[in-house]
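Please open the model in a viewer and keep the selection panel at hand. The tour below proceeds stop by stop.

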There are 2 protein chains.
Amino acid sequence: MADYRAPRDDMDFVLHDVFNVSADWQQAEELADMMDEDTATAILDEAAKVAENLIAPLSRAADEQGVSFTEGKVTTPDGFKQNFKQLAEGGWVGVTANPEFGGMGLPKSLSAQYEEMLCSADISFSLYPGLTSGAIMTLDLHGSDELKQLYLPKMASGEWTGTMCLTEPHAGTDLGIIKSKAIPESDGSYAITGTKIFITGGEHDLTDNIVHLVLAKLPDAPAGTKGISLFVVPKVIPNDDGSLGEANSLSCGSIEHKMGIHASATCVMNFDGAKGWLVGEPHRGLPAMFTMMNYERLGVGIQGLGAAERSYQNALEYAKDRIQGRGAKATRDNNAEADSILVHGDVRRMLLTMKAMTEGGRAFSTWVGQQLDRAKYGADEQTRQQADAMVALLTPVAKAFLTDTGLESTIHGQQVFGGHGYVREWGQEQLVRDTRIAQIYEGTNGIQALDLLGRKVCGSQGKLLEPFTQEVNEFLAQMSSKHDWNAERAQLQQALDSLNGVSAELLQKAGADENIISAVAVEYLHLVGYVCYAYLWLRMATVAEQKQAEKPYLGAKIKTAKFYFARILPRVNALVAAIKDGSESLYLHDEDEF
Amino acid sequence: MADYRAPRDDMDFVLHDVFNVSADWQQAEELADMMDEDTATAILDEAAKVAENLIAPLSRAADEQGVSFTEGKVTTPDGFKQNFKQLAEGGWVGVTANPEFGGMGLPKSLSAQYEEMLCSADISFSLYPGLTSGAIMTLDLHGSDELKQLYLPKMASGEWTGTMCLTEPHAGTDLGIIKSKAIPESDGSYAITGTKIFITGGEHDLTDNIVHLVLAKLPDAPAGTKGISLFVVPKVIPNDDGSLGEANSLSCGSIEHKMGIHASATCVMNFDGAKGWLVGEPHRGLPAMFTMMNYERLGVGIQGLGAAERSYQNALEYAKDRIQGRGAKATRDNNAEADSILVHGDVRRMLLTMKAMTEGGRAFSTWVGQQLDRAKYGADEQTRQQADAMVALLTPVAKAFLTDTGLESTIHGQQVFGGHGYVREWGQEQLVRDTRIAQIYEGTNGIQALDLLGRKVCGSQGKLLEPFTQEVNEFLAQMSSKHDWNAERAQLQQALDSLNGVSAELLQKAGADENIISAVAVEYLHLVGYVCYAYLWLRMATVAEQKQAEKPYLGAKIKTAKFYFARILPRVNALVAAIKDGSESLYLHDEDEF
């Protein structure tokens, strides 16, 4: 496998040349003093070193070794403990945590780049700090001051990690039917009892304590999703001074043996009257989880992006080195018996598809990160509300589209390797196996699509689409005629119009056809994804034209934009046709006719 | 994982109701006496028992155990040796072998069904008899009488297995640059020296002998693909009476550790002056291999089909059993807290996509099998030539389209399982891992696409498309107006016209643009695939309408046809648009701009 090299130039291009994020930072009270372009560059340069030199080199061996489970204890692969310690000491576990509790407090547009690097280096490893970040954010937003003082400094420093305990054996997507119970105790705590499955990092040997955030039902809980409460349930109960006290009544029952992310411990967690403390209001556990969900969803999307970038780097190195077959006359090396396979059209098609989707994906994740930052730090209410609306629309797309196209990119990369792509030693097939989970967990991509089309687009009567449509239309209008992109402008306009056309059609149909939303939601989400990437590719291309004199490597950006419009965007034709068909053909079969 | 149940009804429907293969058999001298519908039914019923009860139950454990390698010896998973023996004793290793040497001599349309069942049961296991069949056919077609008498009875009976040794470390797709040498010896044999990689079943413990078919170059060989000869090189040199003599100078150097097909031994084979015998003419090894390649390609395609069928069966059982979330009002069970996930549109979309592609795939593989049979057994020269032309056109499609859509189906099936689809114990992720290789080996799917568009379509100046176009047009013309399929007829006509339109356009472009073929070949192959399936789905639907009174389960067939036209066929829109773009966008980037 090629050594991982963080795509730092492209990250800087996207952050500063395309999205000018420093201007946003300068307007944000919390960020103005701490964050500017130079600081961001220094931070990402350091992050790149961590990903390249500390994390990436262990990934292959860690996949082979995997995590092991003996008598309730999980052992992580060789080197993980040291690496996690070093990561924590560098402040990289608390990158997004509140500085009040010792975190770095990075804006998401920036931390998205760090997360991408970590995922390119090793998705399995990235999950330990990744879940901890999510737990930190949830506690920070909803925990009492007492809980925050007790837990957050230890978590932000990486001394303790965090988990999210949602899924139960009978209930994943449908959390309304969970069975875990929380019984109030006289000391203000709760006794938590129940079984949770698929708990990432539920047990491990990286740190001395693990802080579980657990969904459970209080005795007086209403049925369904409105009766779920959130609790913090530590593996070891901390004393008031933060030192470790008694072990809690919880244990890891087993770990899953999975297709991939072998180095990540996916645990069955048994809570047996474990001591827990309520986070936020009773019965308001789901909304509490959802406040950090937009960040988590983008984070999972970035797993797909990170894997795609790695796949591209590996496949490109292989394609340049592999000498086989002859190119067409124009590309042939006449002194050689064979050419590098990079001369072949189909190899170029696979590489450019990866490149277009990865660079487009990086722009997309950064754009969504910028919207998250504006929603949080925006100088005025209108900015924050507008950004919030964009976040609502785009986060399900970020989660699902980045992971669906991430899997596609890892599969293309594997195909470039031919038979070697199937052999573990080359590292390429691991990317396919590790990426596949990102389409499933944190809400399957089908659920993301339902959220997008059902709750967001139809739920707002189409209003949530308007700021997006307006932004793209304004951009198209602003593109001056000196740009040589008339064909692509027309393509983007047409794709956007198609999106708005089918959206209006679906809104109309949804009244009479209760099946329509779930019948076409996935195709609809992909349509939104391709339109977003088309917008971002055209934006990048025009910026690249302006900056090319100063940064000659941007010539490639312009060429890849051409490729995206020529070969990738046409996929919307198939999506629009399928969406227009509606739900009828999905509901012809009776259950026994499947 | 659901117990595997062979789709016997659908196989009979396709064989007899749709393609009326018995009529072909009755006209073939070699088959008329041995093969009719009842015999075929009896054979497939037995084959189903073998696949369901003997092979399928071991698959999951065999994947976990894998093959092991110690001091040159390969040990297959527990139970494989007994199962292979039982398979051999039932005559199932020699199903397609020449009856003159003890084979069953089944026509391909029929053996395709058996192969599908075996692949649904366990792709890894299926490769041991599968490669043996290919070796038998090659020897039968090109070996001297002496070689055939010595080897074929032992191979057809499954006492010995066979391999195909083509790939070398530096050369897979491009066999013209292989380095293995064959030096003539005074006794008429050759001393074969070289290293071959990715040799399926190169070494194992199932049988006492393994017969390698090895490509190597004679000392006077011309450069390139016209200087390759084919040799039979046994692991143990047989005495004239077929008893085992001396060990040959060859060994297995190592086995690959792979993403999937863990129970199949993928070997590095070292030939160190091993004794071999020429098969066919000197320097004519590649053409000799290619005569059996059409059968092999369909066989590999069927691996994708078998996995897709298994994926569908598993996912359907899971979807029916998994109670979670609420359906829309019309589908909701009002007495339950939640419904089976089969009520959800997106789950139905995934299941029906699998169903449409699997049943369409079975019709396709059977149709191609029928063409192979007509090319071999056809009563007159014209029949044989016409069929031969169809085979030339369709076999690359069968290999690549059945495996590309096979992977898609295994991924959909995994997604239906949610998190459980990622856990090994459920068996679903194994299907993804096992299927993935079928897109790569026996000529990558990119190479199949080049063969289709370059050698076949453009190479024939479009002539090879004509019989196919004619068949579909005749079918469309014959569909009487009483059929309620006007919309679908128009869709098929339009898709066919698009295919012919882009074909003509590509033929014209190919003169001036030497990159065009490899630039759009994969999209072109997929376009042909979707058009073929549309034709076959409409054919099946009209037959199902006629037979529905007698076979009520065919009602589902009609509904699935509707689904195919509504939701799958629109994919051609994207493919046509991408093909029309041509090669330009793939050749903008210089090597250092990737």
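The stops run from the whole assembly to single side chains.

**Before selecting anything**

This is a predicted model, in which local features need pLDDT of at least 70, side-chain atom pairs count only at pLDDT 80 or more, and totals for chains, interfaces and linings use all residues. Residues are numbered from 1 along each chain as its sequence is written, chains are lettered from A and ligands numbered from 1 in the order in which they are written, and side-chain values use heavy atoms, with hydrogens and water left out.

Colour chain A by pLDDT, the predictor's confidence in each residue from 0 to 100. The mean for chain A is 95, and 99% of its residues reach 70 or more. The scores of the model are ipTM 0.95 and pTM 0.96.

**Stop 1: the two chains**

Display chains A and B together. Chain A is superposed on chain B by a rotation of 180 degrees with 0.0 Å of shift along the axis, at an RMSD of 0.0 Å; the fit is by least squares on the C-alpha atoms of residues with pLDDT of at least 70 in both copies. The two copies are thus related as by a two-fold rotation axis. Both copies use the same surface, since 100% of the contact residues of chain A recur in chain B.

**Stop 2: the interface of chains A and B**

Select the residues of each chain in contact with the other, contact meaning heavy atoms within 4.5 Å. The selection holds 93 residues of chain A and 93 residues of chain B. Between them the chains bury about 7700 Å², 57% of it on carbon and sulfur atoms; buried area is the accessible area (1.4 Å probe) that two parts lose on being put together, summed over both. Next, show A:Tyr422, A:Arg567 and A:Phe594, which lose the most area to chain B in chain A, together 12% of what that side buries.

Polar pairs may be added now. There are 4 salt bridges between chain A and chain B, a salt bridge being a side-chain nitrogen of Lys or Arg within 4 Å of a carboxyl oxygen of Asp or Glu. A:Glu523 and B:Arg567 form a salt bridge through their side chains (2.9 Å, N to O). Helix H18 (residues 554-568) of chain A gives the most to the side that touches chain B, with 8 residues; helices (H or I, at least four residues) are DSSP runs, numbered from the N terminus.

**Stop 3: domains 2 and 3 of chain A**

Hide chain B and colour chain A by domain: domain 1 (8-286), domain 2 (292-429) and domain 3 (444-588). These bounds come from an automatic or database domain assignment.

Keep domains 2 and 3 of chain A, whose C-alpha centres lie 18 Å apart. Here 28 residues of domain 2 are in contact with 31 residues of domain 3. The two domains bury about 2700 Å² between them, 70% of it on carbon and sulfur atoms. Within domain 2, select A:Trp367, A:Leu393 and A:Phe401, which lose the most area to domain 3, together 24% of what that side buries.

The count between these domains is 3 salt bridges. For a salt bridge at 2.8 Å (N to O), centre the view on the side chains of A:Glu408 and A:Arg571. Helices H11 (345-377) and H12 (381-416) of chain A are the elements that give two or more residues to the side of domain 2 that touches domain 3. The largest share of that side, 15 residues, comes from H12(A).

**Stop 4: a pair within one helix**

Finally, select helix H4 (residues 37-55) of chain A, where A:Glu46 and A:Lys49 lie 3 residues apart, about one turn of the helix. Their side chains meet in a salt bridge (3.0 Å, N to O). Over all chains, the structure holds 74 salt bridges.
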